[in-house]
Amino acid sequence: MTPAQRLIAEARAAGVSIARDGDRLILRAPAPPDEDLRRRIREAKAELLPIIPLLVAPDAPEVAWRAAVMREQIPPYPRPAPLLVAREVPYQPGHCLSCGDPIPAIRCVPCREAVALVLAEWRARHGTAAGRQPGSAEGS
Ligand SMILES: [Zn+2]
């Protein structure tokens, strides 16, 4: 683990997630992060930027191709959705389990956005049907 990866892990352990928008770091936390942690993140910005995934919009191309692949993996309702992945890649620590991009997280941001998008579409499509109990239509 590099010092920058250690800092990301430390921030995550403190409940702080670090994202990137262009060349800005974005910290998210339920409560304001402690000043010492913020200062060290600021000072490590140059090391952090290359390894923090870009914060992406749901319509960004890097999300769109992943979502297109994952949509194909959604089985017919009401079977539960499987683990959605963007590519068939062997899981390696330090790489996204879904696309294989090197990243200090289980899934990279575009893959997380794509999963959220596809599952939201699925829920929207089956919103009414989801309330119906399978088998209750017996005899009709
Ligand atoms: Zn990924």
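## Surroundings of A114

In this predicted model, A114 touches V63, R66, A67, M70 and A86, leaving aside residues up to four places away in sequence. A114 belongs to the α5 side of the contact between helices α4 and α5, while V63, R66, A67 and M70 belong to the α4 side. A114, M70 and A86 are also among the residues with the most contacts inside the largest nonpolar core.

## Packing of α4 and α5

Two packed helices are described by the angle between their axes and the distance between the axes. Helix α4 covers residues 61-71 and helix α5 covers residues 109-125. Their axes are 8 Å apart and meet at an angle of about 50°. This value falls outside the ranges for roughly parallel, roughly perpendicular and roughly antiparallel, so α4 and α5 are oblique to each other. The crossing of α4 past α5 is right-handed.

On α4, the contact is made by E62, V63, R66, A67, M70 and R71. On α5, the contributing residues are P110, C111, E113, A114, V115, L117 and V118. Sorted by class, this contact of α4 with α5 has 9 nonpolar and 4 charged residues, with no polar ones.

## Nonpolar cores

In soluble globular proteins, nonpolar side chains tend to be buried together. The largest nonpolar core here has 15 residues. Inside this core, M70, A86, C111, A114, V115 and V118 have the most contacts. Helices α4 and α5 each supply at least two of the core residues. The largest share, 5 residues, comes from α5.

A second core, separate from the one above, has 8 residues. L7, V16, I18 and I52 are included in this second core.

## The loop between α4 and α5

P78 lies in the loop that runs between α4 and α5. The peptide bond from Y77 to P78 is cis, with omega near 5°.

## The chain as a whole

The protein chain has 5 helices and 2 strands. Along the sequence these elements follow the pattern α-β-β-α-α-α-α, which places both strands after the leading helix and before the other helices.

Of the 140 residues in the protein chain, 22% count as buried. Among contacts with a separation of 6 or more, 54% are accounted for by residues 24 or more positions apart.

Note on methods:
Residues numbered from 1 in each chain as written. Predicted model: local features only at pLDDT ≥ 70, side-chain atom pairs only at ≥ 80, totals over all residues. Axes fitted to C-alpha atoms, helices over the stretch in contact; angles between N-to-C directions. Helix = DSSP H or I, 4+ residues; strand = E, 2+ residues; numbered from the N terminus. Parallel < 35°, antiparallel > 145°, perpendicular 65-115°, else oblique. Left-handed = near helix turned anticlockwise from the far one by under 90°. Contact = placed C-beta atoms within 7 Å. Nonpolar A, V, L, I, M, F, W, Y, C, P; charged D, E, K, R; others polar. Core = buried A, V, L, I, M, F, W, Y, C linked by C-beta atoms within 7 Å. Buried ≥ 20, exposed ≤ 12 C-beta atoms within 10 Å, placed from the backbone.
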